[in-house]
Amino acid sequence: MKMDLSTEIAGIKFKNPLLPAAGPLTGDDEKMKYIASLGVGGMVTKTISTEAAKVPRPCIVATKDYVVNAELWSEYGPNKWIEEFLPGIQSLKMPKIISIGYSKEQIEWLIPKLRDFGDAFEISTHYVGKDLNPIAEVARTASKLAKKPVFMKISPHMPDPVEFAKVVTEAGAAGVVAVNSLGPVYYVDPKTGNSPLGSENRYGWMSGPVIKPVALSIVQRIRQSLDIPVIGVGGVKTAEDVVEFLEVGASAVGMLSSALIFGKEQYRRTVNGLEEALKKRGYESAKSAIGRKLEIHHADFEVRNPVVDPEKCTLCKLCEYVCPYFAIKVSNRVEIDPNACFGCGLCESRCPTHAISGVLK
């Protein structure tokens with residue numbers, strides 16, 4: 001029997017928790033239809049605003065660990081979306097979340113025109129700033145006009161994610177999307193020594209696997225404090241990543257940058273790997289994984305020295321090279337000075353053969 005991968009957020013049911021995050025891969029109806037064919041549980045449009053974005057070129061560069069983009073919101077104006085793209089995806093048998101932005105006035109103009117095309121709205125706060133008052137006003141206005149769930153998307157520069165989530169949900173939002181890309185950042189092409197982006201001062205915004213710890217932290221902090229729906233976004237690459245976001249409290253998970261880095265088939269690979277990834281963690285369904293790691297842990301100060309398995313150890317000396325406390329020496333075996341060892345865990349985390357244990361829980 002196949003595992004139940006379905007999830008539900010604010011009353012919206014998804015066949016599985018993986019969604020495309022708003023971005024270039026969901027920038028028109030044909031793109032969204034293709035992404036839907038890869039097995040995702042729902043659809044999220046590229047962010048629509050009251051005017052088409054004037055996008056600098058080049059606008060996207062990537063390494064295997066991250067993407068830096070200067071792409072802005074949709075390069076198409078709202079009329080193109082209303083007349084062509086959104087009608088074009090009505091045949092998709094999955095929930096549709098319409099991403100929009102940014103100010104109260106823009107939201108007031110957009111929602112009445114877009115309301116009938118989707119099941120929910122995602123509202124980006126990327127360019128609104130850090131002041132929670134205008135963000136709350138956007139959430140209040142959107143929730144009043146939408147008459148369906150509104151999710152406010154938080155950027156990682158917000159100083160207090162929990163307060164953000166509290167303010168927007170008190171203003172009427174159904175939940176939060178966490179997180180947007182990180183920046184501004186400056187990418188240097190190793191071949192030229194310059195940034196290739198066409199944006200002003202060549203700045204961009206970073207996303208992809210490298211920001212996963214940031215995103216996981218913000219999702220967990222919000223869910224440890226508030227019982228609200230969260231869609232986790234940021235750094236998702238594999239089915240195992242999806243499970244990690246579920247464990248820290250996300251009910252659905254968005255992925256974009258890994259599909260830009262590794263190809264669009266990454267959606268299919270991730271969906272196909274979900275059942276096995278959940279089974280490995282001992283879960284019988286996607287829903288059973290949600291929030292399983294929300295217990296609050298207090299600081300631990302016990303020093304645990306590493307233990308080396310000689311059967312796995314290849315004497316590569318990496319543990320000796322990286323040890324910041326000069327506690328490890330490797331010759332024909334690994335010798336650990338328990339008095340010098342700080343119990344930091346670096347050696348265990350870096351061991352390429354997993355021969356070291358006993359420090360990390």
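Q: Is Glu108 buried, exposed or partly exposed?
A: This is a predicted model, so let's go by the computed cut-offs. Buried means under 20% relative accessible area and exposed means over 50%. Glu108 comes out at 35%, so the class for Glu108 is partly exposed.

Q: Which residue meets the side chain of Glu108 in a salt bridge, and how far apart in helix H3 are the two?
A: The partner is Lys104, with an N to O distance of 2.9 Å. Lys104 is partly exposed too, with a relative accessible area of 24%. Both sit in helix H3 (residues 104-114), and they are separated by about one helical turn because the gap between Glu108 and Lys104 is 4 residues.

Q: Which residues are joined into one network by salt bridges that share partners?
A: Some salt bridges in this model have partners in common, and that links them up. The network consists of Lys212, Asp241, Glu244, Glu247, Arg281 and Lys293.

Q: How many salt bridges does the count come to?
A: To get counted, a side-chain nitrogen of Lys or Arg has to be within 4 Å of a carboxyl oxygen of Asp or Glu. The pair Lys33 and Glu30 passes, with the closest N and O atoms 3.7 Å apart. By this rule the count comes to 22.

Q: Why are Lys33 and Glu30 separated by about one helical turn?
A: Lys33 and Glu30 both belong to helix H1 (residues 29-37). Lys33 is partly exposed at 30% relative accessibility, whereas Glu30 is exposed at 51%. They are about one turn from each other because their spacing in helix H1 is 3 residues.

Q: Is Asp28, the salt-bridge partner of Lys31, buried or exposed?
A: The side chains of Asp28 and Lys31 meet with an N to O distance of 2.8 Å. Lys31 has 34% relative accessibility, so Lys31 is partly exposed. Asp28 is at 12%, and the cut-off is under 20%, so Asp28 counts as buried.

Q: Which residues form a nonpolar patch on the surface with about 300 Å² of accessible area together?
A: One member is Val188, in the loop between strand S11 (182-186) and strand S12 (203-207). Val188 is partly exposed, at 40% relative accessibility. The patch is made of Tyr186, Val188 and Tyr203.

Q: How much space lies in the largest cavity?
A: Rolling a probe the size of a water molecule over the atoms shows where empty space is left. Searching the whole structure turns up 4 cavities of 30 Å³ or more. The space in the largest cavity is about 500 Å³.

Q: Which element supplies the largest share of the lining of the largest cavity?
A: The lining has 37 residues, with Ala22, Asn69, Asn180, Ser181 and Leu256 nearest the centre. By class, 18 are nonpolar, 15 polar and 4 charged. The largest share from one element is 3 residues, and the element is H8.

Q: Which residue follows Gly183 across a cis peptide bond?
A: Omega is near 5 degrees for this bond. The residue sits in strand S11. Its name is Pro184.

Q: Where is Asn201, which has a positive phi although it is not a glycine?
A: The phi of Asn201 is about 60 degrees. Asn201 is exposed, at 53% relative accessibility. Its place is the loop between S11 and S12.

Technical notes: Residues are numbered from 1 along each chain as its sequence is written. This is a predicted model: local features need pLDDT of at least 70, side-chain atom pairs count only at pLDDT 80 or more; totals for chains, interfaces and linings use all residues. Side-chain values use heavy atoms; hydrogens and water are left out. Patches are made of residues with over 30% relative accessible area and no salt bridge: like charges are joined within 9 Å, nonpolar side chains (Val, Leu, Ile, Met, Phe, Trp, Tyr) within 5 Å. Accessible areas come from the Shrake-Rupley method with a 1.4 Å probe; for residues, only the protein chains shown count as cover. Buried means under 20% relative accessible area, exposed over 50%, partly exposed in between (1.4 Å probe, protein chains only). On a 1 Å grid over the protein atoms alone, a cavity is a set of points where a 1.4 Å probe fits but cannot get out, and a pocket is an open set with protein on both sides within 12 Å along at least five of seven lines; lining residues have an atom within 4 Å of a point. Grid points are joined across faces, edges and corners, and a volume is the space filled by probe spheres set on the points. Ala, Val, Leu, Ile, Met, Phe, Trp, Tyr, Cys and Pro count as nonpolar, Asp, Glu, Lys and Arg as charged, and the others, Gly among them, as polar.
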